[in-house]
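Me: I am a first-year student with a model open in front of me. Please take one buried part and walk me through its surroundings, step by step.

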Amino acid sequence: MAELIVALDVQTREEAVAQVKRIGDPVGFYKIGLELFTAEGPDVVKAVKDLGKKVFLDLKFHDIPRTVERAVRSGGKLGVDLMTIHSVGGRAMIRAAADAAAEFGEVRPRILAVTVLTSLDKTDLVDVGIVGRTPAEQVAAMACFATENGADGIVSSPMEVGALSRALKSGTLFVTPGVRPAGSAVGDQKRVATPADAVRDGATHLVVGRPILDAPDPTAAARTILAEMGA
Ligand code: C5P
C-alpha cells in the first residue's frame with residue numbers, strides 16, 4: 001500500500017507543528033527539507049516525531065563517505081525514517097550511507113538516492129561532464145547504480161517511475177513528488193501525475209505539498225488524495 005508524505009514546506013518549527021496538527025490523523029508521514037531544517041535543525045524533526053509521525057529528512061547528502069556515514073548515523077539517532085543522498089556521490093558514499101543506516105536494524109532510516117535533479121536538462125548535464133547520455137538515460141543508469149550499491153529506493157518524477165519500477169528489483173522504494181489530484185492547481189510543477197496514476201505506475205510513496213498545505217480544509221484534501229491512491 002503506497003503511503004502519502006506531506007512536504008512541510010514552511011519556515012519555522014511552530015508552523016510545522018501547527019500544520020501537522022491541523023492535518024491530523026489521515027497523514028502519518030512528513031518531509032522536512034533544506035529550508036526548514038536549516039532554519040530549525042534537529043528540533044523540528046524531534047517535534048514531528050513527538051507528534052507520532054514518520055519523518056522523511058530530505059537533505060540530499062553528497063560528500064565524502066565518512067561524512068555521509070556520520071550524517072546518516074545522526075539521522076538514525078533522531079529516528080528519521082527516510083533520508084536522501086545524491087547517487088553521483090559514488091559507490092563508496094552510497095555504501096557508507098547504507099551501512100550507517102543498517103546499524104539501526106528494523107527501525108533504520110531507508111536511504112533514497114536522487115538520480116538527476118528535475119531542474120537539469122541535457123545542456124546542464126553536458127556542463128558537468130555527462131555527455132553521452134540523455135537525462136532519461138542518466139536517471140535509469142544512476143537508479144540501477146544506487147540500488148545495486150545499497151540504496152533502498154529512488155526519488156523520481158512520476159513520469160519515470162513506471163520504467164524504473166519495471167527495471168529495478170522488487171522491494172525498491174519509489175518516492176515521487178510532482179503529484180496533483182485530478183483538477184487541482186499545478187503551481188510551478190511542469191510534469192505532474194495524479195495520485196492514482198503514480199501508484200499504478202509503481203510509486204510506493206507520494207510527496208504532496210501545496211495541494212494539502214494550501215487547501216482550505218487540509219484534512220479533507222489529504223483524505224481525497226488517499227482515496228485516489230486507494231490507500
Ligand atoms: O507543493 P508540491 O506538491 O509541489 O511540493 C512537492 C515537494 O517535493 C516540494 O518539497 C519539492 O521541493 C519536492 N520536490 C519536487 N520535485 C523534485 C524534487 C523534490 O517537487 N524533483
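Reply: Start with one term: two residues are in contact when they have heavy atoms within 4.5 Å of each other. Keep in mind that this is a predicted model.

Our part is isoleucine 94. Isoleucine 94 sits in helix H5, which covers residues 91-102. How exposed or buried is isoleucine 94? Its relative accessible area is 0%, so isoleucine 94 is buried; the cut-off for buried is under 20%.

What does isoleucine 94 touch, once neighbours within four places in sequence are set aside? The contacts are Ile85, Ser87, Phe145, Ala146, Asn149, Gly150 and Ala151. Take Ala146 from that list. Isoleucine 94 and alanine 146 are 52 residues apart along the chain, yet their C-alpha atoms are separated by 6.8 Å.

Now follow the contact with Ile85. Isoleucine 85 has its own list, again without residues up to four places away in sequence. On that list are Lys60, Phe61, Val68, Met93 and Ile94, along with Ala97, Ile111, Leu112, Ala113 and Val114. Ile85 also belongs to the largest nonpolar core, which has 58 residues. Leu4, Ile32, Val72, Ile85 and Ile212 touch the most other members of that core. Another core lies apart from it. That one has nine residues, among them Ile5, Ala7, Phe56 and Val207.

Lys60, one of the contacts of isoleucine 85, deserves a stop. Lysine 60 lies in strand S3, residues 54-61. Its relative accessible area is 29%, so lysine 60 is partly exposed. Its backbone stands out too. Phi of lysine 60 is near 45°, a positive value in a residue other than glycine. Most residues other than glycine have a negative phi.

Go back to isoleucine 94 and its contact with Ser87. Threonine 115 touches Ser87 as well. Its further contacts are Val139, Met142, Ala143, Ile154 and Val155, with residues up to four places away in sequence not counted. Threonine 115 is in the loop between strand S5 (110-114) and helix H6 (122-127). With 6% relative accessibility, threonine 115 counts as buried.

Next, look at the helix that carries isoleucine 94. H5 packs with helix H4 (residues 65-78). The axes are 8 Å apart, at an angle of about 25°. H4 is therefore roughly parallel to H5. Their crossing is right-handed. Which residues meet there? H4 brings Pro65, Val68, Glu69, Val72 and Arg73. H5 brings Ala92, Met93, Ala96, Ala97, Ala100 and Ala101. By class, this contact has nine nonpolar residues, two charged and no polar ones. Val72 appears again here; we met it among the core members with the most contacts.

Finally, step away from isoleucine 94 for a second helix pair. Alanine 47 is 47 residues from isoleucine 94 along the chain, and their C-alpha atoms are separated by 28 Å. Alanine 47 is in helix H3 and counts as buried, at 8% relative accessibility. Leaving out residues up to four places away in sequence, alanine 47 touches Arg13 and Val17.

Helix H1 (residues 13-23) and H3 (residues 42-50) have axes that come within 10 Å and cross at roughly 20°. H1 and H3 are therefore roughly parallel. This crossing is right-handed. Arg13, Ala16, Val17 and Val20 of H1 make the contact with Asp43, Val44, Ala47 and Val48 of H3. By class, that is six nonpolar, two charged and no polar residues.

Notes
Residues numbered from 1 in each chain as written. Predicted model: local features only at pLDDT ≥ 70, side-chain atom pairs only at ≥ 80, totals over all residues. Heavy atoms only, no water. Axes fitted to C-alpha atoms, helices over the stretch in contact; angles between N-to-C directions. Helix = DSSP H or I, 4+ residues; strand = E, 2+ residues; numbered from the N terminus. Parallel < 35°, antiparallel > 145°, perpendicular 65-115°, else oblique. Left-handed = near helix turned anticlockwise from the far one by under 90°. Nonpolar A, V, L, I, M, F, W, Y, C, P; charged D, E, K, R; others polar. Core = buried A, V, L, I, M, F, W, Y, C linked by side-chain atoms within 4.5 Å. Buried < 20%, exposed > 50% of the residue type's maximum accessible area, 1.4 Å probe, protein only.
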